[in-house]
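Reader: I am new to this structure and should like to understand the reasons behind the terms used to describe it. May we go through them one at a time?

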Amino acid sequence: MTERIILKNGKIFTADEKNPWAEMIAIRGGFFEKVGENSEAGSLLESGTKVIDLKGRTVLPGFIDSHTHIGLSVMMGGEDDSMPIWDCKSKAEILSKLRSYVKAHPFRLYYGAFFGQVEALAGETLTREDLDKIVKHRPVILMEQECHSAWLNSGAMKFMKLREDIEDPAPGYSYYERDANGRLTGCIKEMTMLPLLSMAGNVSDKEMKAGILKITNYLLDHGVTTVYDAGNYFKEEDTYKLLAEMDRKGELPIRWEATYIITTPDKADIAIDELKRYKSLYETEHLKFNIVKIMFDGTHRIHTAKLISPYNDVDTTGGTMLSEEKLYQLLERLNEEGIDFHAHTVGEGASKMILDCAERVKEAHGGLNIHITLAHLETQRDEDIPRFARLGVFANFTPHWHGGNDYGTMEENIRLLGKERANKLFRAKSMADSGATVTCSSDEVTLQLLGRWNPFLGIEIGHTRQEITAGGRDAAVFPPEEERLPVEALVRGYTINGAKQLRLDGQIGSIEAGKSADLMVLDRDIFTIDPYEIHDAKAELVMIEGKIVRGKA
């Protein structure tokens, strides 16, 4: 018989709806054997039993981060190694720092950098002519930190072979910005950036492995034991090949649910076959392939998120990757194959379109054979919120955005969306109250913001709707205040609900007999402490499959 481990004298949140709290856990063979009261521990003691006295500490199931971009974050790099313009606050400052950098480094073959927030432009237009006045014939590439848009000079446009008559991949969503005369301005949006991201992401396997371990070690320090990989956009197959090799060697520290990502409309036709190919080549014990993901719309900040009515500041409603009919055909094929679907949906127009198509599939087949997850959900129509529960569609939120995030302002949201919509963002509590299954994620895309991967940061901000970098308890509450989620609801979003989203709730997500023994022991009780201290919580001990991977017994 394998050794039994008993953890007792704890405050154990099980995430089991029938028995949400316990005092004692027995583990054997990598699985939870018994979950109950301290008085039950005595009957389980035998020779060789290891007993861990929790001394009243709080225990949670291992967390599930249900929307990540780990490989992409590694490829985008940990530091801005070119121009120091990350913190620029205006177009003039961006250009001034570019000019100074070029003067100090006149012989570089190209110049590239993140300039941080798109809000730094303050509604002004940055054009290739602006950049050409500083450097014209060598490429200049400036990118905002969300990685949804970039600004190019003539040299970069020539390098990318962008001709004036180039077609937009998905008008309104993924396109090349043009001026009133139809001439390219140098601003490119969404998936038109893939060639640039591919250049930036040219890292070796050694660098990729080191970066993956840096992020996964950080996640383990905060109790995350499983992730859903929402796509890397480029070098994806190379990444999965590396992950498979790592897992076969016992070097992959967490469970990894992988995906095939649709980044251009033509990939919708091959997505199912490609996912199956990935599965046949790279699936291992801890690396699985069961989901197709699509970048369905963009972001409000650059007017590419799909709205129902136009933006407040420009006469456009944004766009989507696929037409409604193409989307319906994709969902039909996925439903036939039993392959789950995950979509980037920021605007209410995008989520409405997917809900409409899901309803059509359900009516045509008497039910849905797949899990559909809509991620981000910044704006929603009132009438669409109850549809998530009715259709069984998962609502995936990134709660560390719910304080207005660390690089946006309410004034900016009002400028983009108008006052009514801007005051009704991220309605996660309404979604949960309607009966929908709400899941939680980090969705970061660079190593520069590694601290934003912290699920306890997400729990604090999701609960307070106050941004930590803006002062925490002294920060303005991001409206609507009534959308603050209870701590327990957020913990469920990171545990059992995340497991349900990934069809893993029979294996992980809660502390129940028969499930994999994934858990964490915290250094504080996040249910009772001052909520503005939750982000500082650490996992003193972490187990995966009954093995201690962080801390000591």
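Author: Certainly. The model is a predicted one, and four bridges join β1 to strand β4 (residues 24-28), the two running antiparallel.

Reader: What makes β1 and β4 a pair?

Author: Two strands pair if there are at least two bridges between them. β1 and β4 are joined by four bridges, so they count as a pair. Within this pairing, Ile6 stands opposite Ala26 in β4.

Reader: How do you know that β1 and strand β6 (residues 50-53) pair?

Author: The requirement is at least two bridges. β1 and β6 have four bridges and therefore pair, in the parallel sense. Here Lys8 stands opposite Asp53 in β6.

Reader: Why is strand β1 (residues 4-8) called mostly covered?

Author: A residue is buried if its relative accessible area is under 20%. Four of the five residues of β1 are buried, so the strand is described as mostly covered.

Reader: What makes the largest cavity a cavity, and the second largest pocket a pocket?

Author: In a cavity a 1.4 Å probe fits but cannot get out, whereas a pocket is an open set. The largest cavity holds about 330 Å³ of space, and Glu146, Cys147, His148, Asp443 and Val445 lie nearest its centre among 26 lining residues. The second largest pocket holds about 410 Å³; of its 23 lining residues, Glu124, Glu177, Lys189, Arg301 and His303 lie nearest the centre.

Reader: Which classes of residue line the second largest pocket?

Author: Its lining has nine nonpolar, six polar and eight charged residues.

How values were computed
Residues are numbered from 1 along each chain as its sequence is written. This is a predicted model: local features need pLDDT of at least 70, side-chain atom pairs count only at pLDDT 80 or more; totals for chains, interfaces and linings use all residues. Side-chain values use heavy atoms; hydrogens and water are left out. On a 1 Å grid over the protein atoms alone, a cavity is a set of points where a 1.4 Å probe fits but cannot get out, and a pocket is an open set with protein on both sides within 12 Å along at least five of seven lines; lining residues have an atom within 4 Å of a point. Grid points are joined across faces, edges and corners, and a volume is the space filled by probe spheres set on the points. Buried means under 20% relative accessible area, exposed over 50%, partly exposed in between (1.4 Å probe, protein chains only). Ala, Val, Leu, Ile, Met, Phe, Trp, Tyr, Cys and Pro count as nonpolar, Asp, Glu, Lys and Arg as charged, and the others, Gly among them, as polar.
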